[in-house]
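Reader: I'm new to this one, so please pick a single spot and walk me through it slowly. Then show me how the rest connects up from there.

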Amino acid sequence: MNFWLVLLALVLLALAFVVTPVAVASLSHWRRAWLLRCPREGALARITVNAHRAALAEVLGRPGPEVVRCTLWRTLPLLRPCRQECLALPATERRPAGVRWPHDGVRTIVVPLDGTPGSESILETAADLARTHQARLRLVRVAEPPPLVFADDDRIIAYADQESARIENAARDYLDQIARGLQGVPVDQVVRFGDSATQIVEEAEGADADLIAMATHHRRGIMRALRGSVAERVARATPIPIVLVPYGEPVAA
């Protein structure tokens, strides 16, 4: 029997029954987002790991997975060099995003607002729910990332960071006004930039929210209300329950 053929057969068997299953299991494990409490800040963070690198490391015995995205990096840039510390936490202290840890009652309700009176139709329902469950409302305003602004002679007259600050300040003023009208309800306020559905889901999961309460434009039943809307995209992206009211029509909880 040819020695090289035997060796090749053994290598193929190892790949088929050892290496490949290990790589697939590692890739499946790390490709999801994870929720954990940052060991430095004590705040809940949503992290994403380089799944392909993690799978390769598992097979080759190289250094482990690397965090490539963390929700705290946006608000705390000094944490960016910290790419491994949170992964040293025991496995019991992190969980896949969207998998709920059991606890009693409703503690946090995320309320997305788009800055229009129509989106504010959810506030009465959300406030009633918060009072009933002694929960916090987390008002979220998602804004579009600002482009550079040019003068007529192609000179830049406003940079993106300056425009971002202006938009964020305006959004915070809007949320402050909304919060003042919510008597007897503890309120947090968050301004984010980017795609609405993506940012709503990231905020809700990062805050370990129990509910998302929002208004939807369509009014012919829940299924139609969800179809093709931001609400539908949010519902598909997270298992966190969603409370909907028709856009522009306040409904008491």
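Author: Let's begin with C82, which touches R40 and W73 once you set aside its neighbours within four places in sequence. Keep in mind that you're looking at a predicted model. C82 sits in the loop between α3, residues 72-75, and β4, residues 94-96. Is C82 buried or exposed? Its relative accessibility is 10%, and because the cut-off for buried is under 20%, C82 counts as buried.

Now look for another cysteine, C70. Along the sequence C82 and C70 are 12 residues apart, while in space their C-alpha atoms are 9.8 Å apart. How many disulfides does the structure hold? The count is 0. Take C70 as an example: the nearest cysteine sulfur belongs to C86 and is 6.4 Å away, so C70 is in no disulfide, since that would take a pair of sulfur atoms within 2.5 Å. C70 is buried, at 12% relative accessible area, and C86 counts as buried too, with 8%.

C70 also gives us a way into a sheet. Strand β3 covers residues 67-70, and it belongs to an open sheet of 4 strands in the order β3-β2-β1-β4, with antiparallel pairing. β3 and β4 stand at the edges with a single partner strand each, so one side of each has no neighbour in the sheet. On average, and ignoring direction, neighbouring strands here are turned by 35° against each other. The partner of β3 is β2, residues 44-49, and 3 bridges join the two, running antiparallel. If you want a pair to click on, V49 stands opposite V67 in β3.

Next, follow the helix that lies across this sheet. α6 lies across β1 (34-37), β2 and β3, and runs at about 120° to β2. Within α6 you'll find Q199. At 6% relative accessibility, Q199 counts as buried. Leaving out neighbours within four places in sequence, Q199 is in contact with R74, V142, R192, F193 and G194.

Two of those contacts, R192 and F193, take us to strand β9, which covers residues 187-193. β9 is part of an open sheet of 5 strands, ordered β9-β6-β5-β10-β11, with parallel pairing. The edge strands are β9 and β11, residues 242-246, and each pairs on one side only. From one strand to the next, the twist averages 25°. β6 and β9 pair in the parallel sense over 7 bridges, and R138 stands opposite D188 in β9. Helix α4, residues 123-133, packs on this sheet, where it touches β5 (108-113), β6, β10 (211-216) and β11. The direction of α4 makes about 170° with that of β5.

D188 is worth a pause, as it leads to the charged pairs. Side chains of opposite charge can pair when their charged atoms come close. Which residue does D188 form a salt bridge with? The partner is R136, with the closest N and O atoms 2.7 Å apart. This pair links distant parts of the chain: D188 is in β9 and R136 is in β6 (residues 136-143), 52 residues apart. Both ends are partly exposed, D188 with a relative accessible area of 24% and R136 with 35%. The two also belong to a network of salt bridges that links R69, R136, R138, D188, R192, E202 and E203. So R192, which we met as a contact of Q199, turns up here as well.

Another salt bridge joins R233 and D195, at 2.6 Å from N to O. These two are 38 residues apart, with R233 in helix α8 (residues 230-237) and D195 in the loop between β9 and α6 (196-206). R233 is partly exposed, at 40% relative accessible area, and so is D195, at 32%.

Stay in α8 for one last pair. The side chains of E232 and R236 meet in a salt bridge of 2.3 Å, N to O. They lie 4 residues apart, which is about one turn of the helix. Their surroundings contrast: E232 counts as buried at 13% relative accessibility, whereas R236 is exposed at 69%. Overall, the structure has 12 salt bridges.

Methods. Residues are numbered from 1 along each chain as its sequence is written. This is a predicted model: local features need pLDDT of at least 70, side-chain atom pairs count only at pLDDT 80 or more; totals for chains, interfaces and linings use all residues. Side-chain values use heavy atoms; hydrogens and water are left out. A salt bridge is a side-chain nitrogen of Lys or Arg within 4 Å of a carboxyl oxygen of Asp or Glu. Buried means under 20% relative accessible area, exposed over 50%, partly exposed in between (1.4 Å probe, protein chains only). Contact means heavy atoms within 4.5 Å. Two strands pair if DSSP finds at least two bridges between them. Axes are lines fitted to C-alpha atoms, for helices over the stretch in contact, and angles run from 0 to 180 degrees between N-to-C directions.
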